[in-house]
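This report covers one glycine position, a helix pair and the nonpolar cores.

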Amino acid sequence: MSLLGRTVTVRVPATTANLGPGFDTLGMALAVYDELQVTVREQPGATVRVIGVGEGEVPTDETNLVVRSIAHAFAAVGQELPGLDLVAHNTIPHGRGMGSSGAAIVSGIMAAKGLLEGVVEFDADRLLALATDLEGHPDNVAPALFGGLTITWVTPDGPRFKKLIVHRGVSPLVAVPHERTMSTALARSLQPESVPHEDAIFNVSRSALLIAALVQSPELLLAATEDKLHQSYRASAMPETDALIHLLRADGLAAVVSGAGPSILVLGSDPGQRLRAAELIEQHAESTWECLMLAVDFRGATVVLHSDDAAA
């Protein structure tokens, strides 16, 4: 079956991972989106036009992460990769702890799903496995794929997820520094290979409490977002992030590092809390930060196949 002329449009949300104690297991989708259009062409290879974040910076050929993700999905199901034209409209900040690489990977996987509609079917487990192959861990790609709050774990048969709906009282804010970025690889390199037994127990209890706080009892978010596994080890690489988090938490606000940082996630238990968080950051930050008042995305990634007018 020829795919020539097929066009898909993909929309993928930003994500915030870890949420404090849930290192490499918890993630949440946020209502900031990258959009991608992919068209199959006769000429082999791929060209990418980037509009917005990453314009003039990210590769625009076959080495682009989105193209590599499409190619990975095609290869995994034994299909030959056709020539592709891509147009990426990006709004998710790069290198700021909002899941930009995960969103790029999910964009490619979902584009492959749409282009191969009627040829190969991709179920949720396969989508998650393909994305995790490229990302290395499922905590960002799961909420990007499925929306909401996700718990992920890895089995001998591959990664798995459970999606939960976040309590309507939870009001997220992400504070994004204008000038600073953080490499996930660098952030991970700062962590020890082992941690004290009591720290592990501490995080197990807080992770369990965090699920309850996000789903049922937002008033518990401050206690539920305490962490001893990763944030303190990474603090030296992002001192202003660390200082602002301590300031916010001292004021009773559930502030944590968003993903690998350096952005800050504040999980307010009401809209007033995030307004107070924004005021504190504006008053005390030494550099320029943008405070994004965001909703939780509950839908996850979507793909529309235009030639067949079919949606998934």
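## Gly52

Gly52 has 37% relative accessibility, so Gly52 counts as partly exposed (buried is under 20% relative accessible area, exposed over 50%, partly exposed in between, with a 1.4 Å probe and protein chains only). Gly52 lies in strand 3, residues 46-52. The C-alpha atoms of Gly52 and Leu292 are 17 Å apart, with the two positions 240 residues apart along the chain.

## Basis of the values

This is a predicted model, in which local features need pLDDT of at least 70 and side-chain atom pairs count only at pLDDT 80 or more, while totals for chains, interfaces and linings use all residues. Residues are numbered from 1 along each chain as its sequence is written, and side-chain values use heavy atoms, with hydrogens and water left out.

## Helix 1 and helix 2

The axes of helix 1 (residues 65-76) and helix 2 (residues 100-115) come within 7 Å and cross at roughly 45 degrees. The crossing is right-handed. Residues of helix 1 in the contact (heavy atoms within 4.5 Å) include Ile70 and Phe74, and those of helix 2 include Ala104 and Ile105. By class, this contact has eleven nonpolar, four polar and no charged residues.

## Nonpolar cores

The largest nonpolar core (buried Ala, Val, Leu, Ile, Met, Phe, Trp, Tyr and Cys residues joined through side-chain atoms within 4.5 Å) has 70 residues, and Val38, Ile70, Leu86, Met98 and Val106 have the most contacts inside it. Helix 2 gives the largest share of this core, nine residues.

Leaving aside neighbours within four places in sequence, Val106 is in contact with Val12, Ala131, Val141, Ala144, Leu145 and Ala301. A second, separate core of 17 residues includes Ile245, Val257, Ile281 and Trp289.

Terms used
Axes fitted to C-alpha atoms, helices over the stretch in contact; angles between N-to-C directions. Helix = DSSP H or I, 4+ residues; strand = E, 2+ residues; numbered from the N terminus. Left-handed = near helix turned anticlockwise from the far one by under 90°. Nonpolar A, V, L, I, M, F, W, Y, C, P; charged D, E, K, R; others polar.
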